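Visitor: Please take me through one part of this model in detail: the largest pocket. I would like to know what lines it and how that lining connects to the rest of the protein.

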Amino acid sequence: MSRWQTRRGVAALFLAFALIFVTAAAVQTAAAATYRQGSSGEAVITIQTKLKRWGYYDGSVDGVYGSQTVAAVKLFQEKNNLTADGVCGPATLRALGMVSEADSSASGQTGSGDLALLAKVISAEARGEPYNGQVAVGAVILNRVAHPSFPNTIAGVVYEPGAFSCMDDGQIDQPVADSAYQAAQDALNGVDPTGGAIYYFNPDTATSAWIWSRPLLTVIGSHRFCS
């Protein structure tokens with residue numbers, strides 16, 4: 001083998017190792033997706049939107065992770081038993097209902113636990129409802145998570161005794177409609193057609209006088225959404 005061929009082989013080997021290193025670095029960066037003071041962009045807008053909708057943040061939704069966003073994140077973290085450092089790392093992003101790139105790579109799909117559970121309840125409670133009504137049911141669950149009178153996790157809200165009829169009549173175990181997954185993702189992303197409702201009911205089947213006493217916010221499909 002000539003000296004030129006040897007040098008060419010070494011160069012090719014070096015390039016291959018360099019590509020492996022760059023690829024590994026990119027994966028590591030994605031897995032460590034974290035937002036803190038000084039960050040900016042669409043993810044920060046989503047963080048601010050969620051915190052504002054849930055009452056933690058009263059600043060501008062401008063996509064800039066400033067001191068007000070840090071303070072709001074700390075409040076959210078305290079409420080959800082997370083390390084209150086004002087940094088949105090993987091644990092805080094999961095609590096916010098935001099799926100990190102690392103989560104997507106590991107599971108092969110968007111969100112495993114919260115998204116799947118939310119979709120199951122939406123499908124069971126709003127089967128046959130218009131799409132906006134399906135998102136609305138998901139929004140009610142998330143509004144309860146943010147409300148001091150309810151558990152502060154999606155699972156806690158869903159499994160609270162007597163909270164949802166589908167947990168008692170077995171509908172929760174029925175196949176999940178495809179639209180329910182998208183509705184769940186929209187709700188997790190901050191879409192709320194109800195305007196902040198924490199209750200809903202079907203007026204054709206409701207027998208509780210108390211639920212009828214709740215202030216009406218909107219009607220979507222066959223459900224009344226109330227505060």
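Guide: In this predicted model, 18 residues line the largest pocket, and A163, S165, Y200, F201 and I211 are the ones nearest its centre. The space inside the pocket amounts to about 360 Å³. Sorted by class, the lining consists of eight nonpolar, seven polar and three charged residues.

Two secondary-structure elements, β1 (199-201) and α11 (209-212), each give at least two residues to the lining. The largest share is that of β1, with three residues.

F201, one of the residues nearest the pocket centre, belongs to strand β1. Its relative accessible area is 7%, and because the cut-off for buried is under 20%, F201 counts as buried. Leaving out neighbours within four places in sequence, the contacts of F201 are A206, I211, W212, S222, H223, R224 and C226. I211 in this list is also among the residues nearest the centre of the pocket. For W212, the separation from F201 is eleven residues in sequence and 8.7 Å between C-alpha atoms.

The strand also takes part in the nonpolar interior. The largest nonpolar core has 52 residues, and those with the most contacts inside it are I47, L51, L96, L118, I141, I154 and F225. At least two residues of this core come from each of α2 (42-53), α3 (67-79), α6 (113-126), α7 (131-146), α8 (154-158), α10 (178-188), β1 and β3 (223-226). Strand β1 therefore supplies at least two residues to the core as well as three to the pocket lining, where a lining residue is one with an atom within 4 Å of a pocket point.

I154 gives a view of the core from another place. Not counting residues up to four places away in sequence, I154 touches D114, L117, I141, L142, V145 and L188. I141, in that set, is itself one of the residues with the most contacts inside the core.

As for the wider setting, the protein has eleven helices and three strands. From the N terminus, the order of elements is α-α-α-α-α-α-α-α-α-α-β-α-β-β. Of the 227 residues, 37% are buried. Among contacts between residues at least 6 apart in sequence, 57% join residues at least 24 apart. The accessible surface totals about 12,100 Å², with 55% of that area belonging to carbon and sulfur atoms.

Note on methods: Residues numbered from 1 in each chain as written. Predicted model: local features only at pLDDT ≥ 70, side-chain atom pairs only at ≥ 80, totals over all residues. Heavy atoms only, no water. Helix = DSSP H or I, 4+ residues; strand = E, 2+ residues; numbered from the N terminus. Buried < 20%, exposed > 50% of the residue type's maximum accessible area, 1.4 Å probe, protein only. Contact = heavy atoms within 4.5 Å. Areas by Shrake-Rupley, 256 points an atom, 1.4 Å probe, with all protein chains shown as cover. 1 Å grid on protein atoms, 1.4 Å probe; cavity = no way out; pocket = protein on both sides within 12 Å on 5 of 7 lines; lining within 4 Å. Points joined across faces, edges and corners; volume = space filled by probe spheres on them. Nonpolar A, V, L, I, M, F, W, Y, C, P; charged D, E, K, R; others polar. Core = buried A, V, L, I, M, F, W, Y, C linked by side-chain atoms within 4.5 Å.
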